[in-house]
Amino acid sequence: MSPRSILAGIGAYLPERVVTNDELARTVDTTDAWIQERTGIQQRHFAAPHETAAFMGTAAARTALADAGAQPSDVDGIILATSTPDQAFPATALRVQAALGVTKGFGFDIAAACAGFVYALSVADSMIKAGQAKGVLVIGSEVYSRILNWADRGTCVLFGDGAGAVFLRAGEGTGTDQGILSTHIHAQGTLGDILYVDGAVGQPDKPGHLVMHGREVFRHAVSRLAEAVEEALAANNLKAADIDWLVPHQANRRIIDAMGRKLGLSTDRVVITVEQHANTSAASVPLALHQAWTDGRIKRGELVLLEALGGGLVWGSALVRM
Ligand code: UT7
């Protein structure tokens, strides 16, 4: 039997600086009322210059390892999801590897925007199942404050910075089905122009700012994520009622509520952090998971469904028995 990927530890890091809607409204043509009504967001964290994707990813990884009771020497590989890397190369994962003092194994980044963590989890799970690694750090770390267009009020109020991480350990589990039960990842490149960053180091004349056609993304998010949820349940012969917790991507409270209703889950079974963190892209799912894990809501043995969608379009799910 191939090993299961057990979520042995969960960690997170948020920049110290909190920016409220009211503070943003001093420089952006917006209001706290509009942002809260359309998105649920009340505040976000913004990184200081030293708080890069590598810095925050390292901090989140350290707490995930500590939570798992693991050492850097237990790490066989690091997969880091980010759209805001410190450098084009080395991969941000390798800056984290060096900072942690990990001296073996592999490391690479995954660019799958807001679905990056689910993508990274899927790849790590496949590698563990294939016997290529026994301990893998999966990290989502983002500094979207550095790619926002402050002249576009339709996007600049939506995002925040932060990092989340899990340490996956190969094991048979304490019960028969502990660990990652399934992952599903999808992409539709033909929808690349509804949510993108208009540049990168390969295109020096472009500023590299986030562009989003919000309504279209919203429409796709609701239908694609609903399909992803159905797909995860069907693949595991489960019903929506079997799910203990939904940990969705934190882009918009209205999308999250729609997913909760779809699953018939009461709101107290859906982990919501968008009010406090805004949309932290690849960091949003592990940050939410970490919050509900550390405050004791999510417990060992419970069934947790993670889902996310982002620019690409990319989307996916992971079903986990904690
Ligand atoms: O993480 C990746 C996935 N991303 C998502 O899932 C995001 C999906 N999209 C959304 O969450 C929503 O579409 C938004 C929150 C981005 C926008 O909400 P909306 O209800 O679709 O608003 P809208 O873009 O249609 O704009 C409605 C109005 C417009 O004014 P008019 O044309 O009706 O007069 C905008 O100009 O709201 C205006 N508006 C604002 N007003 C105050 C747009 N942004 C702002 C703002 N403050 N920040």
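About 3,900 Å² of area is buried between domain 1 and domain 2, and carbon and sulfur atoms give 66% of that. Keep in mind that this is a predicted model. A ligand sits with this chain too, and the shell around the ligand takes at least three residues from each of the two domains.

**The two domains**
- The domain assignment splits the protein chain into domain 1 (4-171) and domain 2 (179-321).
- Measure from C-alpha centre to C-alpha centre and you get 14 Å between domain 1 and domain 2.
- On the contact side, 52 residues of domain 1 meet 47 residues of domain 2.

**Who surrounds the ligand**
- There are 23 residues around the ligand, and the ones that come nearest are Thr30, Arg38, Arg215, Asn252 and Asn279.
- Sorted by class, the shell holds 11 nonpolar, seven polar and five charged residues.

**Polar contacts with the ligand**
- Trp34 puts a polar side-chain atom 3.1 Å from a ligand oxygen.
- Arg153 works through its backbone instead: an N or O atom there lies 2.8 Å from a nitrogen atom of the ligand.
- Arg215, one of the residues that come nearest, has a side-chain N or O atom 2.5 Å from an oxygen atom of the ligand.

**Cover and helices**
- On its own the ligand has 960 Å² of accessible area, and the protein covers 75% of it.
- Four elements each give two or more residues to the shell: helix H2 (32-39), helix H6 (153-156), helix H7 (214-235) and helix H8 (253-263).
- H7 supplies the largest share of the shell, with four residues.

How values were computed. Residues are numbered from 1 along each chain as its sequence is written. This is a predicted model: local features need pLDDT of at least 70, side-chain atom pairs count only at pLDDT 80 or more; totals for chains, interfaces and linings use all residues. Side-chain values use heavy atoms; hydrogens and water are left out. A residue is near a molecule or strand if one of its heavy atoms lies within 4 Å of it. A polar contact is a pair of N or O atoms within 3.5 Å; within protein, one must be able to donate a hydrogen and the other to accept it, and residues adjacent in sequence count only if both atoms are side-chain atoms. Accessible areas come from the Shrake-Rupley method with a 1.4 Å probe; for residues, only the protein chains shown count as cover. Ala, Val, Leu, Ile, Met, Phe, Trp, Tyr, Cys and Pro count as nonpolar, Asp, Glu, Lys and Arg as charged, and the others, Gly among them, as polar. Domain bounds come from an automatic or database domain assignment. Contact means heavy atoms within 4.5 Å. Buried area is the accessible area (1.4 Å probe) that two parts lose on being put together, summed over both.
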